[in-house]
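Me: Can you walk me through this one? I'd like to go from the overall fold down to a single side chain.

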Amino acid sequence: MFTRDELADHLVAADTEYEDRERALVQLHHTTLPMLEDVGVIEYDSRSNVIRYRSDPLLDQFLSLSAAVEKPTE
């Protein structure tokens with residue numbers, strides 16, 4: 001469990017497409033988090049801004065494989 005603010009801070013710090021914290025907060029609140037909730041990946045309480053990840057074995061495997069592909073070789 002974490003908050004939308006914590007996620008926005010992480011995304012900005014991680015050099016993702018989110019360069020500005022305020023824009024990240026707006027996009028997360030209005031687009032990204034509702035979409036992820038609609039497909040059952042997360043639970044998002046927009047009043048408290050709390051996000052809960054719904055663990056799924058197939059999704060967890062996909063995310064692990066995706067992270068491995070994105071890591072640069074050294």
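Me: How many helices and strands are there in the chain?
Reply: Keep in mind that this is a predicted model. Counting up the elements of the chain gives three helices and three strands.

Me: And in what order do the elements run from the N terminus on?
Reply: Start at the N terminus and you meet a strand, with two helices following it. After those come two strands and then a helix, so written with the helix and strand runs as symbols the order is β-α-α-β-β-α.

Me: What share of the residues of the chain count as buried?
Reply: A residue has to be under 20% relative accessible area to make the cut. Across the 74 residues of the chain, the share that does is 22%.

Me: How much of the area that the chain exposes do carbon and sulfur atoms supply?
Reply: The chain exposes about 5,800 Å². The part of that supplied by carbon and sulfur atoms is 53%.

Me: How far apart are the mean positions of the positive and negative charges?
Reply: The chain carries 7 positive and 16 negative charges. Take the mean position of each set, and the gap between the two is 6 Å.

Me: Now for arginine 23: is it buried or exposed?
Reply: Arginine 23 sits in helix H2, which covers residues 21–38. Its relative accessible area is 67%. The bar for this class is over 50%, so arginine 23 counts as exposed.

Me: How far is arginine 23 from valine 12 in space?
Reply: In sequence, arginine 23 and valine 12 are eleven residues apart. Going C-alpha to C-alpha, their separation in space is 10.0 Å.

How values were computed. Residues numbered from 1 in each chain as written. Predicted model: local features only at pLDDT ≥ 70, side-chain atom pairs only at ≥ 80, totals over all residues. Heavy atoms only, no water. Helix = DSSP H or I, 4+ residues; strand = E, 2+ residues; numbered from the N terminus. Buried < 20%, exposed > 50% of the residue type's maximum accessible area, 1.4 Å probe, protein only. Areas by Shrake-Rupley, 256 points an atom, 1.4 Å probe, with all protein chains shown as cover. Lys, Arg positive; Asp, Glu negative; His and termini not counted. Charge placed at Lys NZ, Arg CZ, Asp CG, Glu CD.
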